[in-house]
Amino acid sequence: MNTVGTPKMSATENETASEAIAPPAMDVVVQGKIGQKLRETYQQVVNEPIPPRLLALLDELKKKEQIPEAEDRS
Amino acid sequence: MSDNPEFEDALVAAIPHMRAFARSFSSDVARADDLVQETLVKAWYSRDSFAPGTNFRAWLFTILRNVFITQSRKLKREVSDPDSIYTNSLSVPPEQEGHIELNEFYAALELLPVDQREALMLIGAEGFSYEEAAEICGCAVGTIKSRVNRARNRLGTMLDTKRPGPDASHPHQRALVRSRG
């Protein structure tokens, strides 16, 4: 699991004043929780079975193109 | 990937991810799947425009996003209240024991502006690079970064300040209750 948003190398390195007075980073724990929940929410959908209507659509598209061909896949 | 079976296989393999990304635009499952459905048709007929060696999923997500934008423009012309695209789609699956926490997170996600939610999904959930996400959304890398940051901060505030107690005090809970009716 790669961390998103690489942290700044070091605050002393060419940092602008605005960077210095930027609000403190969100609590690491909260941020970690958000990331985890986000992936969980997303993965939940990814793991759902593909609705038949979407697969049927692909079959239809395929048939339209291979009109005279006998279907050897269902 | 112009070979049909190969393209089809890749397309089928990408469907679960397209469905997940489509939920950024509508939490209504049927409506989100409609987006996927139209995306599949578009992708099928424009498969020759996919450049081999580039990210297939990113290509599909770009199409999906365009489908959404086209649809919501159409809706905006037809419906006087463009926000209804989102408010009407606020349906959350029935709460089950143990899933409440995730539902709450889901509800918080729904409160984000769509551009922030989309950026967050691409970066934080789907794992695209900032550059890839910027390309999908047709905007600058810096824009994606700031959307993701704002999304994270807002979620952090929403989830952090949320205390156990009467849920009705939570604005989004009210929205949910309303949408059930």
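## Exercises on the interface of chains A and B

A:Y42 is found in helix α2 (residues 28-46) of chain A. The model used in these exercises is predicted.

**Exercise 1. Place A:Y42: is the residue buried or exposed, and which residues does it touch?**

Step 1. Take the accessibility. The relative accessible area of A:Y42 is 3%. Buried means under 20%, so A:Y42 is buried.

Step 2. List the neighbours, leaving out residues up to four places away in sequence. A:Y42 touches B:H17, B:A20, B:F21, B:F61, B:M121, B:A125 and B:E126.

Step 3. Pick out B:E126. Its side chain makes a polar contact with the side chain of A:Y42, at 2.5 Å.

**Exercise 2. Describe the setting of B:E126: where is its place in chain B, and what does the residue touch?**

Step 1. Locate the residue. B:E126 sits in the loop between α6 and α7 (130-137) of chain B.

Step 2. Check the exposure. B:E126 has 13% relative accessibility and counts as buried.

Step 3. Collect the contacts, again not counting residues up to four places away in sequence. B:E126 touches A:Y42, B:H17, B:R57, B:F61 and B:M121.

**Exercise 3. Find the network of salt bridges: which residues are linked in it?**

Step 1. Start at B:R19. This residue forms a salt bridge with A:E48, and the closest N and O atoms are 3.0 Å apart. B:R19 lies in helix α1 of chain B and A:E48 in the loop between α2 and α3 (52-65) of chain A, so the pair joins two chains.

Step 2. Stay with B:R19. It also forms a salt bridge with B:D33, with the closest N and O atoms 2.8 Å apart. B:D33 lies in helix α2 of chain B, so this pair ties together parts that are 14 residues apart in sequence.

Step 3. Return to A:E48. Its side chain meets that of B:R23 in a salt bridge (3.2 Å, N to O).

Step 4. Put the links together. A:E48, B:R19, B:R23 and B:D33 form a network of salt bridges.

Step 5. Add the exposure. B:R19 and B:D33 are buried. A:E48, at 30% relative accessibility, counts as partly exposed.

**Exercise 4. Analyse the salt bridge of B:E8 and A:K62: what does the pair join?**

Step 1. Read the distance. The two side chains meet at 3.2 Å, N to O.

Step 2. Assign the elements. B:E8 lies in helix α1 of chain B and A:K62 in helix α3 of chain A, so the pair joins two chains.

Step 3. Compare both with the cut-off of 20%. B:E8 has a relative accessible area of 6% and is buried. A:K62 has 10% relative accessibility and counts as buried.

**Exercise 5. Describe the interface as a whole: how many residues are in contact, and what area is buried?**

Step 1. Count the residues. 43 residues of chain B are in contact with 30 residues of chain A.

Step 2. Take the area. About 3400 Å² is buried between the chains, and carbon and sulfur atoms give 66% of that.

Step 3. Count the charged and polar pairs. There are five salt bridges between chain B and chain A. Nine residue pairs are in polar contact across the interface.

Step 4. Name the elements. On chain B, α1 (4-22), α2 (29-45), α5 (100-110), α6 (114-125) and α8 (141-161) each supply at least two residues of the side that touches chain A. The largest share, twelve residues, comes from α1(B).

Step 5. Sort that side of chain B by class. It has 25 nonpolar, seven polar and eleven charged residues.

Methods. Residues are numbered from 1 along each chain as its sequence is written. Chains are lettered from A and ligands numbered from 1 in the order in which they are written. This is a predicted model: local features need pLDDT of at least 70, side-chain atom pairs count only at pLDDT 80 or more; totals for chains, interfaces and linings use all residues. Side-chain values use heavy atoms; hydrogens and water are left out. Contact means heavy atoms within 4.5 Å. Buried area is the accessible area (1.4 Å probe) that two parts lose on being put together, summed over both. A salt bridge is a side-chain nitrogen of Lys or Arg within 4 Å of a carboxyl oxygen of Asp or Glu. A polar contact is a pair of N or O atoms within 3.5 Å; within protein, one must be able to donate a hydrogen and the other to accept it, and residues adjacent in sequence count only if both atoms are side-chain atoms. Helices (H or I, at least four residues) and strands (E, at least two) are DSSP runs, numbered from the N terminus. Ala, Val, Leu, Ile, Met, Phe, Trp, Tyr, Cys and Pro count as nonpolar, Asp, Glu, Lys and Arg as charged, and the others, Gly among them, as polar. Buried means under 20% relative accessible area, exposed over 50%, partly exposed in between (1.4 Å probe, protein chains only).
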